[in-house]
Amino acid sequence: MIKIAPSILSCDLSRLDQEVKLLEKGGADWLHLDIMDGVFVPNLTIGPPVIKALRPKTRLPFDAHLMIANPGKYIKDYAAAGSDLITIHVEADRNPGRTIDQIKKAGLKAGISLKPKTPASRIAPYLAKVDLVLVMTVEPGFGGQAFMPAMMRKIKTIRQMIDRSGKAIDLGVDGGITDQNVDKVTASGANFIVAGSYIFKQGNIAKAIKLLRQNSKEVC
Ligand code: DX5
Ligand code: ZN
């Protein structure tokens with residue numbers, strides 16, 4: 001099943017609770033929270049206090065995408081704030097396996113993400129442990145960038161790795177996804193779609209989510 005996870009990075013942050021309610025009403029499956037520390041990526045966003053404040057405002061599950069160095073230090077904080085899924089970057093952690101174990105021990109789903117230049121093989125050792133692989137289809141750090149078509153091959157490769165594993169792991173794509181390319185990424189095997197600027201630029205959140213779903217090609 002295709003899952004749509006809108007990123008709040010491009011929403012009107014002064015009306016965050018209202019935007020989140022519109023996403024929920026509009027048919028989002030997950031809420032994608034982009035956490036940046038100014039170290040792993042050259043930008044800063046939100047942290048646990050904002051997640052905690054949002055938690056009572058919606059029933060949507062929280063997908064915390066940690067673009068931070070040494071994520072293992074902060075798993076407790078992101079779990080306590082109300083995350084349901086925590087995704088770490090394979091490049092950001094000396095021992096991703098241990099951090100994934102920490103996430104699972106906290107009773108949450110765990111994801112592993114990789115930057116555009118990182119080969120698919122880097123995530124292979126963690127496939128047995130994760131619930132989601134998140135392929136970055138832009139260089140992480142900012143919303144509103146253009147999708148990198150060269151990532152299509154990586155999406156296909158990781159879909160094959162997942163299928164071979166026999167596990168029900170979601171394959172996500174994050175960055176530059178629109179109603180014009182969602183068909184290709186889903187046909188290549190992605191089933192978890194993160195979209196930020198596309199959803200908030202449309203002027204109608206529900207319509208944008210619907211279009212993403214309509215244009216998706218369910219292959220898994
Ligand atoms: C990029 C973030 C993404 C991104 C999505 O570092 O992880 O979630 O902001 O936004 P769009 O859809 O605008 O690329
Ligand atoms: Zn993200």
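**Zinc site and ligand contacts**

Me: Does Asp34 count as buried or exposed, and at what relative accessibility?
Reply: In this predicted model, where local features need pLDDT of at least 70, side-chain atom pairs count only at pLDDT 80 or more and totals for chains, interfaces and linings use all residues, side-chain values use heavy atoms, without hydrogens and water. Residues are numbered from 1 along each chain as written, with chains lettered from A and ligands numbered from 1 in written order. Buried means under 20% relative accessible area (exposed is over 50%, partly exposed in between; 1.4 Å probe, protein chains only). Asp34 therefore counts as buried, at a relative accessibility of 7%.

Me: Which residues coordinate the zinc ion (ligand 2)?
Reply: Donors are N, O and S atoms within 2.8 Å of the metal (3.2 Å for Na, K and Ca), and water is not among the atoms, so sites may look incomplete. At 2.0 to 2.3 Å, the zinc ion (ligand 2) is coordinated through NE2 of His32, OD of Asp34, ND1 of His65 and OD of Asp174; the residues are thus His32, Asp34, His65 and Asp174.

Me: Why does the pair Asp34 and His65 tie together parts of the chain, and how many residues apart are they?
Reply: The donor residues of the zinc ion (ligand 2) follow the spacing H-x1-D-x30-H-x108-D. Asp34 belongs to strand β2 (residues 31-36) and His65 to strand β3 (residues 62-67), so the pair ties together parts whose separation in sequence is 31 residues. Strands here are DSSP runs of E, at least two residues long.

Me: Does His65 count as buried or exposed?
Reply: The relative accessibility of His65 is 0%. At this value, His65 counts as buried.

Me: What is the geometry of the zinc site (ligand 2)?
Reply: The zinc ion (ligand 2) has 6 donor atoms, with angles of 71 to 169° among them. Six donors count as octahedral if opposite donors are over 155 degrees apart and all others between 65 and 115. The site of the zinc ion (ligand 2) is octahedral.

Me: At what distance does a polar side-chain atom of Asp174 lie from an oxygen atom of ligand 1?
Reply: Besides coordinating the zinc ion (ligand 2), Asp174 is among the residues that come nearest to ligand 1. A polar side-chain atom of Asp174 lies from an oxygen atom of ligand 1 at 2.6 Å.

Me: Which backbone nitrogen does the side chain of Asn181 reach at 2.8 Å?
Reply: Asn181 lies in the loop between β7 (170-174) and α6 (182-187), and at 12% relative accessibility it counts as buried. Its side chain reaches the backbone oxygen of Gly176 at 2.9 Å. At 2.8 Å, the side chain of Asn181 reaches the backbone nitrogen of Thr178.

Technical notes:
Helices (H or I, at least four residues) and strands (E, at least two) are DSSP runs, numbered from the N terminus. A polar contact is a pair of N or O atoms within 3.5 Å; within protein, one must be able to donate a hydrogen and the other to accept it, and residues adjacent in sequence count only if both atoms are side-chain atoms. Four donors count as tetrahedral if all angles lie between 85 and 135 degrees; four count as square planar and six as octahedral if opposite donors are over 155 degrees apart and all others between 65 and 115; anything else is irregular. A residue is near a molecule or strand if one of its heavy atoms lies within 4 Å of it.
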